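Please open the structure in a viewer and follow the stops below in order. Each stop names what to select and then describes what is found there.

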Amino acid sequence: MSKVDPVVEQAVDTLGLNKVTRRRLLGGVGLTSASLAASALLAACTNNDDKKSTAAAAGAGDFPSTPKWKFVFVCHVTTNSFFTPTQYGAQDACSLLNCEFQFTGSKDSIVAEMVNATNTAISAKADGIALAVVDKDAFRAPVDKALDAGIPVVSYNADGARDDKGTNRLAYIGQGLYESGFALGQRAIEAGLDSGEVVGFIATPGALNIQPRIDGASDAIKQSGKSLKFTPVGTNADVPKGLSIIDAYAQGHSNLAGMLAVDAGSTSSVGQVVQKYKMRDKGLKVAGGFDLVPETLNAINGGSLDFTIDQQPYLQGFLPVLYLYLYKLSGGLIFPSETNTGLLFVTKDNVKPYLETKTRFEGSSTEQQVVPRSGAIAHA
Amino acid sequence: MSDTIEATERVEPAPAGRPSRSILRRVGEEFLRRREASVLVVAVGLGVYFASAHPAFLTEPNLVNISQATAPAAIIAAGMVLVLVSGEIDLSVGVVAALAPFNMHYLIDYYSVPAIPAILLVLLISAAIGFINGAVTVFLKVPSFVTTLGTLYLITGVVLTTSHAYPVPIPPETEGTIRTWLGAAPWSTLIWCLLIVGFFHVLLTRTPWGLHTIAVGGNLLGATEAGIRAGRIKIGNFMMVSTLGGFAGILEAFRINTIDPNIGGGTQIMFIAVSAAVIGGTALAGGSGTVLGAFLGALVLAELQNGMNLIGISANPYFLILGIAILVSMIANVYLSRLRRAGRV
Amino acid sequence: MAADGSGEALRVEHVAKRFGGVTALADVNLHLAKGEVLGLIGDNGAGKSTLIKILCGFHQPDAGKLSVAGEEVVLRSVDHARSLGIDTVYQDLALVNELTVYHNMFLNRELVRWPLLHNRRMRRLAREHLDDMGVNIPSVDVEVAKLSGGQRQAIAVARSVYTEAKILLLDEPLAAMGAKEGALILDLVRELKAKGDVSVIIIAHNYGQILEVCDRINLLQHGSITFDKPTSETSVQELTDLVVAEYRAARTQKLRPDPSTDARPAPGR
């Protein structure tokens, strides 16, 4: 008799046959035995699945059981609504993989607080750290300390300066900052900017997660060769204050050709101000910015803004958890990889689905849902 | 006579066999009599709670974390107590802290001033800002809240425009010993903090300056009638707190290895320093205060921040819980103070 | 400091003071002998406080002259007056509530073992001085906030005496004080009188009490001293009548436009 798969043996045992029938079945003789075998195997497969899952009940999916690893996200503007979908993404990944995460850092971009939070995570022996590297000097030592202690570290949303990553993190998950700013500038030119004054609003000038964007936009405009004057203006990390600043600027400069913004708050405020003063009727050719705050989407739909750029903050929460989990699971064999979470332009043409659905992915709803989509996928 | 001798013998004090208990009680009473006792109890209580909630709380690296969070606020609070006791307040000290490392950077990198003189010059500039705060308050009779609000915005503007709000790396001339001694070494900020707290505690409680500060805050008219130069006291205290702010800013910059325009968070660290002073037992209205209490208050706030981070509380619920924790700590503090006062003679 | 031998501590001659259109003092003549206790009475607004402020150097008189210990002086400031031995205990007492008795006693004159306060010495000296003056304070370590009004007043007076004041001006020391506490102050003033080298001017409204300690009474009316008699030759009734009559006369006459008198109602007695 050829060797019988122990699975098959187990399946047969479930039938409760007497010894003789059992031997005959296993011997594989006759139709009866075949059909018995078939049904037994079918039953066994179901049983086996149960048996398998009861054996690895703690593990996620097909993974073996792992301790409830804890990952710490250190953020620079913890209460900013931009990061709400990021937290949902991290949450969903954690439920999937049986981990947990903590979202901490600083509310007001205070680097010292972020450094403190990182150090605390190291003391607490976190299983992984995801860090928004908004300063190219301050985080080098803490990240080294974490890596020395065996804690994997990735960066998300911000990764030091263009020429200096600032840390020895394992990978960056986020948008290419300079590149996205450059694309913003290019798109603005394509949309019809050829001469005049262009203003670029930036919430926290100098902050390493958005300053490169405005540098990119400025460079794109400069390199276009058109006679455009680009002025960067700082607004405020606090969105209502930023709105007043943008409002005042618009009042003081009535013949702007272009209004750009490089962060979520400033973008939505630009939309509001353009609508309030009906600037599209007054010679404003182009207005655009970043991120998908509801006011921004409405402004695009209404025509005040031409486009915005989706950074996919959901992925900036989801993917770091995934990478850190796989790193720990595989003992470092699976290494986190550099991931560009996307540079998608949202315009009037494709804004509808964003407007009509409230989803966790955009941060506008906590509900878990399948978002239906049909028809062709837009492409160039 | 024999009767009287007998009588005296019988009247001997009872607890002859238990001297240790009465000494213990006396030490306990002496301790509770101090106004800092209540905030110390709160600080220890929080420590015990967090230590039981997370094993890493009392590990050395974490104690370093707590000390690094306590130090800058406590340093500023030490000076702030004197300002508060004299009846004033300084809202601008946080941005003076932010400006100081930038000044150091300009002096060293643009004007080629050697490192140590540059740092001393920066402290001098901070003192000058304090002088302006004091002079406007005393001579122009502008309420200090308004004066320092003005300098707060003024200096914020100076920081942002001169730095273009870019963070700046630490000047290389300060790498090495200077950096290590002034914040980079794990316990260095705490050592500076303890030295400063000790100095200012003695200043407030055991020198004529401290006495006059209390007099000016407690009874300005009376103090002036007694011949105390109230203006000089106030201006002096403003200068001291601004200098401490500059020093704290430099320590923090060296600790995190970058010069961050946000280092004061605008008002964050000033607010923490004032809160630490008040939690520690200094009256906002003036006339009474304690520097040791302010240090313990800063410790309480640092424990809360660190402990909650360790436990794993995320940002949004963090503020909710921080608010509750501060209220509970303060209520405990006030309640213990009341007990203490009731138990007093 | 040449003495003229008469044992006179203070002499005020033809002092006048105007504030804008209001004449506070018209022609004040007053003298104070060494070791004497003078009671200064007069209705509210009569100018008693103004006179005191001139005597201690706070205000400058528009006319007249002052002599201290027989020598004419012009008091340039409060500090100058203090250096000549004239000290005032104001109604608010200039005490700091948060500080202890001994710290208050030495306020702005602290003993220092540089750079620290010499608390032990101050404590001892304060205790000695208060005992000397017969002031009954249980402990010099207590914060003055915890003392009664009378005790606080006593400390304020003792402080001035301790700083070698020769002429002590007490501005309404008995105001807002119950009988028992008032007695404390009166005892203190009696002690000073017994010692003989401090001269005192007391402003008060409680005639019964000041008649107990004062040697002489002056009444300030219409900007000048209109009554000057030793206490043995007058009584509470006479003083009350004088003051009330003057008040009634001023109401009916309305000759002298003195807004401060007219504006205030008669104090109830």
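**First stop: a central strand of chain C**

Select C:Ile86 and its bridge partner in β9(C), C:Ile167. Strands here are DSSP runs of E of at least two residues, and helices are runs of H or I of at least four residues, both numbered from the N terminus. The model is predicted: local features need pLDDT of at least 70 and side-chain atom pairs count only at pLDDT 80 or more, while totals for chains, interfaces and linings use all residues. Residues are numbered from 1 along each chain as its sequence is written, and chains are lettered from A and ligands numbered from 1 in the order in which they are written.

Extend the selection to strand β6 (residues 86-89) of chain C, which runs parallel to β9(C) and is joined to it by 4 bridges. Two strands pair if DSSP finds at least two bridges between them. Next, add strand β10 (residues 199-203) of chain C, also parallel to β9(C), with 5 bridges. Here C:Asp171 stands opposite C:Ile203.

Now colour β9 (residues 167-171) of chain C by burial: 5 of its 5 residues are buried, that is, 20 or more other C-beta atoms, placed from the backbone, lie within 10 Å of their own. C:Ile167, C:Leu169 and C:Asp171 point one way, whereas C:Leu168 and C:Leu170 point the other. In a regular strand the side chains alternate between the two faces of the sheet.

**Second stop: a hairpin of chain C**

Select strands β11 (residues 216-221) and β12 (residues 224-230) of chain C, which run antiparallel and share 6 bridges. C:Leu219 has C:Phe227 as its bridge partner. Between the strands lie 2 residues, and C:His222 in this hairpin takes a positive phi near 50 degrees.

**Third stop: the open sheet of chain A**

In chain A, display the 6 strands in the order β7-β6-β8-β9-β10-β12, an open sheet with mixed pairing. β7 (227-234) and β12 (344-347) of chain A stand at the edges with a single partner strand each, so one side of each is left without a neighbour in the sheet.

Move to strand β6 (residues 195-202) of chain A, which runs parallel to β7(A) and is joined to it by 8 bridges. Within this pair, A:Gly200 has A:Pro232 as its bridge partner.

**Last stop: chain A as a whole**

Show chain A entire, with its 13 helices and 12 strands. Buried residues make up 49% of its 380 residues.

Technical notes: A residue is buried if 20 or more other C-beta atoms lie within 10 Å of its own, exposed if 12 or fewer, and partly exposed in between; C-beta atoms are placed from the backbone.
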